[in-house]
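Please open the model in your viewer and keep the selection panel at hand. The tour below goes from one selection to the next and says what is found at each stop.

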Amino acid sequence: MSHSEATAPAVTEASIAVAATALHVTRGKVPVLRGLDFAIQAGEITGLLGPSGSGKTTLMRAIMGVQALTSGSVQVLGLPAGHPDLRHRVGYVTQSPSVYPDLTVEANVRYFGAMHRKGRAEAAEAIAAVGLEPQARQKTGDLSGGQLSRVSLACALVARPSLLVLDEPTVGLDPVLRADLWDRFRSMAESGTTLLVSSHVMEEASHCGSLLLLREGKLLAQLTPAELSRRGHSADLEKAFLHIIQDTAEVPSGSPERTVRS
Amino acid sequence: MNLLMLLATTRRVLDQLRHDHRSIALILVVPALLLTAVYFLYENETLPPGVPRTFDRVGLMMLAIFPFVVMFLVTSITMLRERTSGTLERLLTTPIHKADLLFGYGLAFSIMAALQSLVATAVAYWIFGLDIQGSPGLVVMIAVINAVLGVALGLLCSAFARTEFQAVQFMPVVVVPQILLCGLFVARERMNEALEAVSNVLPLTFSVDALQEIAANTEPTDQLWMDAGVIVAIVLAVLVLASLTLRRRTA
């Protein structure tokens, strides 16, 4: 008994990539994250879903360590978020592509690769992974919006991070490419990479192993897509999410009783 | 500090500039054209025998002021873009050290400044017969140090601007007073006490003093090395201040 108690937590700890405890973030005077507690399993795709303004980007920034926390803590790969040792192991793709428009695709990827001691071969591989080989020598600023966000993704892939944080990576992509990218994410997860992918499109939830449902800075639920459709009483994940929101609104947190007003 | 990341940054900044032919042309050609204007301004002056031409004094100072102004502008805009486009925040989530980024920038623009002052100095010497005692190599050296000063101040000022429009407005605040008080228009010892006191602590003053040392002596003087040392110290101090404005974590 005492033996299993001693070993069990160690095993779980190793398989947890991100853990947030009582996480509060206030930006200016606006509370953006209001007490989040969750753990993200390593080697899995976790979807961060919620309407725009629900705090997805702030949560991702907190995990990356670029967002100052008001209270609570975030542990990433066993270290506090933002720890210098994490900079080699964590990759971040912001929502608006943060790349140099006046450089070629290749030069962009090689520059960010250089920060992780990666060279030409790794850069070429990352460019191929996002399907931009034909554009490799074009100026990034001349590309379309969807291509631009893929350049930004390639700049993160080149580092081969253990944890990849992606803020709405599939916005504006055509369906074929979106499917390709999700395949890519899945194969990365299978080879041990942890992915946290945000989206406001619920249909993307089905690609994830686990989901964090965020609304108004609070965690509505952490569940699998199957649980989402069961608890939300709908195979349509959008509707299921809606049902869960309605259910939660009817049961105010802290009081177990239903308010039977409406 | 990591030399690999520093050089990657230098290479990236130069690569960005390489695609911008118009800026390269402006950086290399404009100082030479302005120098031409200065030469013809004083073309018809009548001087008592033995007094050096005004061009030898003003033209020489211009050689140090151009790279300072140009690099201040180029750097503050480039760095501001880096801050607003999100690339800076992204870079700061990677292992790059702030010093690698700042010195990488400094090195890239110093290379451009060296090319610029080589062109301007060559024009001053060979076309307009600039006549000074010291070596043109020392003039180029001071010009490059001045360019790095411009880079350092530009990096720092970009932290206080939110838009490119604001960044440009820092030029009259930071650059113009230094040009007015450096001794180009009025010799510093003829200024009133207050202005002279301000002048004494402005970095560009030391560059102009260094250039006057080069103009007056065939061999480099101790005063020259001291002036150069002071500017380098100021540059390092400004770069440290600039690095404090690079925040890995923001509210």
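A crossing of two helices is called left-handed if the near helix is turned anticlockwise from the far one by less than a right angle, and right-handed if it is turned clockwise. Bear in mind throughout that this is a predicted model.

**First stop: a helix pair across the two chains**

Select helix H3 of chain A, residues 105-114, together with helix H1 of chain B, residues 3-18; the two pack with their axes 9 Å apart and at an angle of about 160°. Because angles over 145 degrees count as roughly antiparallel, H3(A) is described as roughly antiparallel to H1(B). Viewed along the line from one helix to the other, the crossing of H3(A) and H1(B) is left-handed.

Now show the side chains on both helices. From H3(A) the contact takes A:Ala107, A:Tyr111 and A:Ala114, while H1(B) supplies B:Leu4, B:Met5, B:Ala8, B:Arg12 and B:Asp15. Coloured by class, this contact has six nonpolar and two charged residues, and no polar ones.

**Second stop: the wider interface**

Extend the selection to everything that joins the chains, where 24 residues of chain A are in contact with 21 residues of chain B. Which elements give two or more residues to the side of chain B that touches chain A? They are H1 and helix H4 (87-92) of chain B, and it is H1(B) that provides the largest share, six residues. Taken by class, the side of chain B that touches chain A has six nonpolar, eight polar and seven charged residues.

**Third stop: back along H3 of chain A**

Keep H3(A) selected and add helix H5 of chain A, residues 145-157, whose axis comes within 8 Å of that of H3(A) and crosses it at roughly 30°. With the limit for roughly parallel set at angles under 35 degrees, H3(A) is therefore roughly parallel to H5(A). The crossing in which H3(A) passes H5(A) is right-handed.

On H3(A), pick A:Val105, A:Asn108, A:Val109 and A:Phe112, and on H5(A) pick A:Val151, A:Ala154 and A:Cys155, since these residues make the contact. Six of the residues in the contact of H3(A) with H5(A) are nonpolar and one is polar, with no charged residue.

**Fourth stop: the two domains of chain A**

Colour chain A by its domain assignment, which gives domain 1 as 13-89 + 161-250 and domain 2 as 103-160. The centres of domain 1 and domain 2 of chain A, taken over C-alpha atoms, are separated by 25 Å. Nine residues from domain 1 and ten residues from domain 2 of chain A take part in the contact. On the domain 1 side, select helix H6 of chain A, residues 175-190, which gives the most, with three residues. The side of domain 1 that touches domain 2 in chain A divides into five nonpolar, two polar and two charged residues.

**Last stop: a helix pair within chain B**

Finally, select helix H3 of chain B, residues 54-84, and helix H5 of chain B, residues 98-127, whose axes come within 10 Å and cross at roughly 150°. That angle makes H3(B) roughly antiparallel to H5(B), and the crossing of H3(B) and H5(B) is right-handed.

Among the residues that meet here are B:Leu63, B:Phe66, B:Pro67 and B:Val70 in H3(B), and B:Tyr105, B:Phe109, B:Ala113 and B:Gln116 in H5(B). By class, the contact of H3(B) with H5(B) divides into eleven nonpolar, five polar and no charged residues.

Key
Residues numbered from 1 in each chain as written. Chains lettered and ligands numbered in written order. Predicted model: local features only at pLDDT ≥ 70, side-chain atom pairs only at ≥ 80, totals over all residues. Axes fitted to C-alpha atoms, helices over the stretch in contact; angles between N-to-C directions. Helix = DSSP H or I, 4+ residues; strand = E, 2+ residues; numbered from the N terminus. Parallel < 35°, antiparallel > 145°, perpendicular 65-115°, else oblique. Contact = placed C-beta atoms within 7 Å. Nonpolar A, V, L, I, M, F, W, Y, C, P; charged D, E, K, R; others polar. Domains from an automatic or database assignment.
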